[in-house]
Amino acid sequence: MIEIQQCLVCGAEKTNFKFVFELSDCWLKVDNIKYKIFQCQNCKIAFLNPRPDDMELVKYYTNEFDKFYNTTDKDLIKKYSFTLQKKYKLLPEKKGKILDIGAQKGEFLEYCKRRGWTVEGIELTNTIPNPYNLPIKYGNFLDINYPENYFDVITLWHVIEYLPHPHLIIEKISKILKLQGLLILAMPNFNSLNLQFMNAEDIPRHLFFFNLDSISFLLNKFGFSIIEYNYHSGVHKNSISGLITFLIKRNILKMDKEELLHLYHNYPKKFENIFFKIIDRSITLPLRLILPYLKKSHNFYIIAAKN
Ligand SMILES: [Zn+2]
């Protein structure tokens, strides 16, 4: 286990860390170790403390985890066309060199390549296939050498929350991006309703938890200015109906939080049919429309330019 004594982002001492909640691995239930989440009161970044070291983390990435994130579908571009299009719209009009960190099978890079971008990827897991035969390097981003002032755009789609050294990642990105190059990050929102009322987070795989304040603090520290952010990008598929069910069972039926979160994360397939989705989406529409304005949505993205 590794214990953080000083905030990695702002350098505040341990006395500035405020305990928020504790939780074990409610999704995959690899073990019952309870991890504590603290938030730095200065820059608002939250983190597991202590957290598993790299060796201890390996056991939490089970086959079930791989299955969830590694679809066997052949045509990924078709399957994810809606999401890919939304991501692509965030890129600048002028095409150039793009690096995707946590590239997985490369469907986003392939989507960009077909539209004229020069693409490169980096992926930690070398067992993930590369169906589009793209220039994807395998290993730790921090260990790989890139030329300075090289990329026009660097993207991390739901990656930064898994990384043990987010500050080193942003520092390195600030070196290899061109001046006025863009960094695009999407991540879960630590201020979301799901987090505040349910503590619904993927513990201990997610190590750091951001809100707009903390990610902005980190980006500003390494010479970025924020040019855009948005909370609309993705409400968790069962976030609102799941939240309401959770609150009733937790507060009225007094059920155990971790058991409820296990059910929430392992959302029954029967609720994924179209009929249920239509009813669910209609009932929860007003709340889903308000959430982004309250900055309480499940996820958000931020675009920053290197100064
Ligand atoms: Zn801090």
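This briefing walks through the core, the strand pairings and a few unusual backbone spots of the structure above. Keep in mind that the model is predicted. The largest nonpolar core has 69 residues, and strand 8 (residues 177-188) gives the most to this core. Two strands, strand 11 and strand 5, get a closer look below, and after them come two cis peptide bonds and two lysines with a positive phi.

**The core**

- Start with the largest nonpolar core, where the residues with the most contacts inside it are Ile45, Phe47, Ile154, Ile160, Leu183 and Leu185.
- Strand 8 puts six residues into this core, which is the most given to it.
- Which residues does Ile45 touch, leaving aside its neighbours within four places in sequence? Ile45 is in contact with Cys7, Val9, Cys40, Phe208, Phe210 and Ser214.

**Strand 11 and its partners**

- Strand 11 covers residues 299-306, and six of its eight residues are buried, so the rest of the structure largely encloses this strand.
- Strand 8 is one partner: seven bridges join strand 8 to strand 11, and the two run antiparallel.
- To find a spot in that pairing, look at Ala186, whose bridge partner in strand 11 is Tyr301.
- Strand 10 (residues 224-230) is joined to strand 11 as well, by six bridges, again running antiparallel.
- Here too Tyr301 is a handy marker, as Asn230 stands opposite Tyr301 in strand 11. So Tyr301 turns up in both pairings, with Ala186 as its partner in one and Asn230 in the other.

**Strand 5 and its partners**

- Is strand 5 (residues 118-123) largely enclosed or open? Strand 5 is largely enclosed by the rest of the structure, because five of its six residues are buried.
- Strand 4 (residues 97-101) pairs with strand 5 over five bridges, in the parallel sense.
- In that pairing, Lys97 stands opposite Thr118 in strand 5.
- Getting from strand 4 to strand 5 involves helix 5 (residues 107-113), and the three together make a right-handed β-α-β unit.
- Strand 6 (residues 136-138) is also a parallel partner of strand 5, over three bridges.
- One place to see this is Gly121, which has Ile136 in strand 6 as its bridge partner.

**Two cis peptide bonds**

- Most peptide bonds are trans, so a cis bond is worth a look.
- Asn49 and Pro50 are joined by a cis peptide bond, with omega about 0°.
- You'll find Pro50 in the loop between strand 3 (46-48) and helix 1 (54-57).
- The bond from Ile203 to Pro204 is cis too, with omega near 0°.
- Pro204 sits in the loop between helix 7 (193-198) and strand 9 (208-209).

**Two lysines with a positive phi**

- Most residues other than glycine have a negative phi.
- Lys29 has a positive phi, near 50°, and it is not a glycine.
- Look for Lys29 in the loop between strand 1 (17-23) and strand 2 (35-40).
- Why does Lys29 count as partly exposed? Lys29 has 14 other C-beta atoms within 10 Å, and partly exposed lies between the cut-offs of 12 or fewer for exposed and 20 or more for buried.
- Lys44 also has a positive phi, of about 75°, and its place is in the loop between strand 2 and strand 3.
- Lys44 counts as buried, because it has 21 C-beta neighbours inside 10 Å.

Notes: Residues numbered from 1 in each chain as written. Predicted model: local features only at pLDDT ≥ 70, side-chain atom pairs only at ≥ 80, totals over all residues. Core = buried A, V, L, I, M, F, W, Y, C linked by C-beta atoms within 7 Å. Helix = DSSP H or I, 4+ residues; strand = E, 2+ residues; numbered from the N terminus. Contact = placed C-beta atoms within 7 Å. Pairing = 2+ DSSP bridges. Right-handed = clockwise from strand over helix to strand, strands pointing away.
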